[in-house]
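Subject: Structure for your files, with notes on its packing

Dear colleague,

I am passing on the structure below, followed by some notes on how its helices and strands are arranged. Please read the notes with the model open beside you.

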Amino acid sequence: MLRICHVKKMEYEQFLMEVKDKVEENVGDNYDVNIFRVIKNNSLELDSLTIRDKGSRISPNIYMNDYYEKYKYGESVDNIATEIQKVYENNNEVDGYDIDFSFKEMRSKIIYRIINYGKNKKLLKDLPHIRFLDLAITFYCLIKNDTNGIGTIRITNEYMNEWNTDVEELMKLAGENTQRIFPAKTEPMSKVIESILERDVSRYIGDTNSEERDDFTGDNIDSIKDDVAMEFLKEIDEKEQIPMYILTNFNGINGASAILYTDILKEFAMSQDSDFYILPSSIHEVILIPYSEDFSMESLREMVRNVNETQVPEEEILSNQVYIYRRSTNTIEI
């Protein structure tokens with residue numbers, strides 16, 4: 001446990017510089033150490049420290065804001081610098097060799113993600129994108145995809161121009177690659193809730209000999225998604241068990257993009273013999289509800305707003321809107 005240090009602490013900018021200097025001292029002259037302001041999804045701005053081998057183009061972002069909180073509670077700059085170096089070493093699989101970032105090599109690795117357009121106007125100035133409803137389709141290169149997670153590089157206007165390509169070609173490639181690499185998965189909400197409850201029970205049974213438990217939290221994204229699903233379950237109970245389904249991908253990360261997959265919505269509508277609502281519960285998944293006159297669009301929007309405000313981190317909010325899929329036109333409307 002960190003002890004609270006009562007001595008006067010340096011200001012945040014000075015803290016950044018001292019950590020940077022210490023990391024530079026630790027890693028030596030063969031590495032470049034820099035601090036950048038990074039714009040994340042929904043205009044969240046974070047300070048990132050990067051350690052880059054001078055022979056490489058890329059390095060993982062190590063965000064500094066949480067480290068400053070540790071420092072304020074007594075952690076030393078030396079310890080923080082050492083921890084950052086370990087984070088770099090543990091997440092540097094792709095930095096150990098020079099990636100061929102040519103368009104020829106990246107074509108099969110280009111994928112898309114959907115984000116909120118209004119919340120990301122500043123970010124989108126530098127990114128090739130396509131407007132879609134109140135959202136934007138953006139493009140990334142997938143450079144890592146294994147059991148330890150995924151790693152991507154955001155495609156900027158600069159990269160697009162360097163490759164002598166355009167948004168239309170990026171969309172064509174991403175449409176093929178994203179569906180192939182991250183296939184869609186649709187499950188009844190009841191099945192998802194059942195698996196959450198079973199997992200929580202197994203964690204509890206496995207930890208009964210410990211006086212201190214971890215409140216059943218595992219991977220951070222899975223924990224957040226569990227909270228979102230349980231909140232929607234509460235809403236379902238209030239709406240007399242209206243059937244709901246979760247659409248995501250098998251990876252479970254940025255799975256809301258599956259609403260762009262060819263024919264996935266059409267197939268779901270055929271299986272339900274109904275138009276349906278699409279509730280954007282986060283960037284990781286959406287909720288599908290077969291059309292019913294028992295629901296108004298405003299009541300559904302209120303449901304989404306409530307979950308976004310109480311359960312979803314700002315960076316993972318997709319939209320407060322609700323969409324409807326029309327079978328007759330095979331289109332999504334607001």
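The model contains an open sheet of 6 strands in the order β8-β9-β11-β10-β12-β13, with antiparallel pairing, where strands pair if DSSP finds at least two bridges between them, and where helices (H or I, at least four residues) and strands (E, at least two) are DSSP runs numbered from the N terminus. Its edge strands, each pairing on one side only, are β8 (184-188) and β13 (331-333). Neighbouring strands of the sheet are turned against each other by 30 degrees on average, direction ignored.

This is a predicted model, in which local features need pLDDT of at least 70 and side-chain atom pairs count only at pLDDT 80 or more, whereas totals for chains, interfaces and linings use all residues. Residues are numbered from 1 along each chain as its sequence is written, and side-chain values use heavy atoms, with hydrogens and water left out.

At one edge, β12 (residues 323-326) and β13 pair in the antiparallel sense over 3 bridges, and Ile332 in β13 is the bridge partner of Tyr325. Helix α11 (residues 297-310) packs on the sheet and touches β10 (276-282) and β11 (285-290), its direction making about 15 degrees with that of β10; contact means heavy atoms within 4.5 Å, while axes are lines fitted to C-alpha atoms, for helices over the stretch in contact, with angles running from 0 to 180 degrees between N-to-C directions.

Turning to the helix pairs, α1 (residues 12-27) and α3 (residues 77-90) pack at an angle of about 60 degrees with their axes 9 Å apart, and they are therefore oblique to each other (angles under 35 degrees count as roughly parallel, over 145 as roughly antiparallel, 65 to 115 as roughly perpendicular and the rest as oblique). Residues of α1 including Phe15, Val19 and Val23 meet residues of α3 including Ile80, Ala81 and Ile84. The residues of this contact between α1 and α3 divide into 8 nonpolar, 3 polar and 3 charged (Ala, Val, Leu, Ile, Met, Phe, Trp, Tyr, Cys and Pro count as nonpolar, Asp, Glu, Lys and Arg as charged, and the others, Gly among them, as polar).

The axes of α2 (residues 65-72) and α3 come within 10 Å and cross at roughly 150 degrees, so α2 and α3 are roughly antiparallel to each other. Here Tyr67, Lys70 and Tyr71 of α2 make the contact with Val77, Ile80, Glu83, Ile84 and Val87 of α3, which by class gives 6 nonpolar, no polar and 2 charged residues.

Kind regards
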